[in-house]
Amino acid sequence: MNSYIVLPALVAGLCLAIIIVLLMKGVTSFAQRVFCMFFLSMGLWSVIIFAMRSSPDLEHAYSWERWVFPAIVFTAVFYYHFTVLYSGVVYPRFILIAGYIIAFTILIFVPSDLWFTGMQIKPYGFAPIWGKGFPLILFSAYFFVLAGVVNLAKKYRQSRSYAERNRYLYLIIGAVAQNIGAAFDILPTFGLPLYPGAIIANGIFCLVTGIAIIKFHLLDINLIIKKGTAYLLMSAVAALPYIGAIVIFYVIFNESVPVWASALILIGVAFGLQPVWRWIQGLTDRIFYQERYNFLQELENFSQERHNISDIKQISSKLVSLLARALRASNVHLLLATNTGDFEVISSVGLSAAQFRLESHSPIVTWLREQKRRLSRDDMEIIQPLQHLTEKEKKQITDIRAELFFPLKTTISDLTGILVLGEKMTGDPYS
């Protein structure tokens, strides 16, 4: 059994796995139900393709292929419907109604030859012969997916939450990959020597959209690109000596690389790996962080230096200054605990916050002490205990445009300080 047959079965299994995980997590909203229907349609699409590709002849392949078109359009419409519900954008209601009418119309006319008239054999396997109504299927599939992408792109630009923006970006990337893959399914039927790519793209779609919704803490796409670039460069550098040896021995000596030469290359690569890796990491950091790189280096050097604890004012002043420059924060405030247990500003950069103070019984202090992790402005709007901030606390947080709160503690003591970061000067969310 080759990949032509195995791939749709794998994608169907992936869709089923995502549906099961969603159900286990609890499908409580209508948007989640539509999202499950989206994966169910894509799973049925994959099952039908598997059955078609496994068919013994054109007649059996034809009997399966006719059902794939309703599955394709329903998948596109469910995706659009989900993006509308998930993003909360205002949309013309008739578009969604028209989408479901088109999908059911395509389903009703499955027994006819309107959508396609038969099957043909291509180098990779079976392929459909399009009917007169195929442009409607093509238009519907692309229109509703791209309309969903537009919905998500609007919310991506409006959102200030890094996690939410990252989630929208995953959903957009998944849809774009699916549309590109669909083109690789259509073009070969017109004679182009391409391998059908819709099922492969559906697998990518399942992975990225599944991760985006199921995982609360998302992978940072920018970080993935950065690390991927570093690993790619490292792989290329590590491979160059061996490839060079192969070329030299083959061209000059007309023989394969001997064992002793391979051993020497491996030893050389092993010894040179660490310094080369450090150099590549530095190079990728400079490329991705650009002008912030020097500030980040200063911050790293500062964290490794020994400091006299008696000079806490100077240390804190230098720390907040470095953080502000490295993170492009409009303001940074460092609060330390007083004898009364309240937290007062000891050093700050940016907006003046001389009166900024968090009392020991503040919901923010209590939450940071118990959870021991960062708190974002977005979290404060949905975490129930933080709904009870006083008007004074709300005003102070608004005045300094606070975005992130970080708890600071020693290894042997309770919460000793709070680091507060204001909005980025660029207006972008923190990553």
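The crossing of helices α5 and α6 is left-handed. The model described here is predicted. Helix α6 spans residues 134–158, and α5 packs against α6 at an angle of about 145 degrees. The two axes lie 11 Å apart. On the α5 side, the contact uses Ile 95, Ala 98, Gly 99, Ile 102 and Ile 106. These residues meet Leu 136, Ile 137, Ser 140, Phe 143 and Phe 144 of α6. By class, the contact of α5 with α6 holds eight nonpolar and two polar residues. Charged residues are absent from this contact.

Helix α5 also packs against α4. Helix α4 covers residues 68–87 and helix α5 covers residues 93–108. Their axes come within 8 Å and cross at roughly 165 degrees. The cut-off for a roughly antiparallel pair is an angle over 145 degrees. Helices α4 and α5 are therefore roughly antiparallel to each other. The crossing of α4 and α5 is left-handed. From α4, the contact draws on Phe 69, Pro 70, Val 73, Phe 74, Val 77, Phe 78, Tyr 80 and His 81. From α5, the contributors are Ile 95, Leu 96, Gly 99, Tyr 100, Ile 102, Ala 103, Phe 104, Ile 106 and Leu 107. The contact of α4 with α5 comprises 15 nonpolar residues, two polar residues and no charged ones.

Several α5 residues recur in the two contacts. Among them is Gly 99, which takes part in the contact with α4 and in the contact with α6. Ile 102 likewise touches α4 and α6. Ile 95 and Ile 106 are listed for the contact with α4, and both are listed for the contact with α6.

Salt bridges were examined next. A search of the whole structure finds five. One of them pairs Arg 357 with Asp 342, with the closest N and O atoms 2.6 Å apart. Arg 357 lies in strand β5, residues 357–358. Asp 342 lies in the loop between β3 (332–337) and β4 (343–349). The pair therefore ties together parts that are 15 residues apart in sequence. Asp 342 counts as buried, at 11% relative accessibility. Arg 357 counts as partly exposed, at 28% relative accessibility.

Arg 357 forms a salt bridge with Glu 344 as well. Here the closest N and O atoms are 1.9 Å apart. Glu 344 sits in strand β4 and Arg 357 in strand β5, so this pair ties together parts that are 13 residues apart in sequence. Glu 344 is partly exposed, with a relative accessibility of 34%.

A further salt bridge joins Arg 401 to Glu 423. The closest N and O atoms of this pair are 3.3 Å apart. Arg 401 lies in the loop between α15 and β7, and Glu 423 in the segment after β8 (415–422). The pair thus ties together parts that are 22 residues apart in sequence. Glu 423 is partly exposed, with a relative accessible area of 23%. Arg 401 is also partly exposed, at 34% relative accessibility. Through shared partners, salt bridges join Asp 342, Glu 344 and Arg 357 into one network.

Backbone geometry singles out Arg 401 again. Most residues other than glycine have a negative phi. Arg 401 is not a glycine, yet has a positive phi of about 50 degrees. The loop that holds Arg 401 runs between α15 (391–399) and β7 (402–409). Lys 372 is also not a glycine and has a positive phi of about 55 degrees. Lys 372 is found in the loop between α13 (363–371) and β6 (375–376). Lys 372 is exposed, with a relative accessible area of 52%.

Attention turns finally to Gly 417. This residue is found in strand β8. Gly 417 counts as buried, at 0% relative accessibility. Neighbours within four places in sequence aside, Gly 417 is in contact with Leu 335, Leu 336, Phe 343, Phe 406, Pro 407 and Leu 408. Leu 335 and Leu 336 fall within the range of β3 (332–337), and Phe 343 within that of β4 (343–349). Phe 406, Pro 407 and Leu 408 fall within the range of β7 (402–409). The C-alpha atom of Gly 417 is separated by 9.6 Å from that of Val 365. Gly 417 and Val 365 are 52 residues apart along the chain.

Technical notes:
Residues are numbered from 1 along each chain as its sequence is written. This is a predicted model: local features need pLDDT of at least 70, side-chain atom pairs count only at pLDDT 80 or more; totals for chains, interfaces and linings use all residues. Side-chain values use heavy atoms; hydrogens and water are left out. Axes are lines fitted to C-alpha atoms, for helices over the stretch in contact, and angles run from 0 to 180 degrees between N-to-C directions. Helices (H or I, at least four residues) and strands (E, at least two) are DSSP runs, numbered from the N terminus. Angles under 35 degrees count as roughly parallel, over 145 as roughly antiparallel, 65 to 115 as roughly perpendicular and the rest as oblique. A crossing is left-handed if the near helix is turned anticlockwise from the far one by less than a right angle, and right-handed if clockwise. Contact means heavy atoms within 4.5 Å. Ala, Val, Leu, Ile, Met, Phe, Trp, Tyr, Cys and Pro count as nonpolar, Asp, Glu, Lys and Arg as charged, and the others, Gly among them, as polar. Buried means under 20% relative accessible area, exposed over 50%, partly exposed in between (1.4 Å probe, protein chains only). A salt bridge is a side-chain nitrogen of Lys or Arg within 4 Å of a carboxyl oxygen of Asp or Glu.
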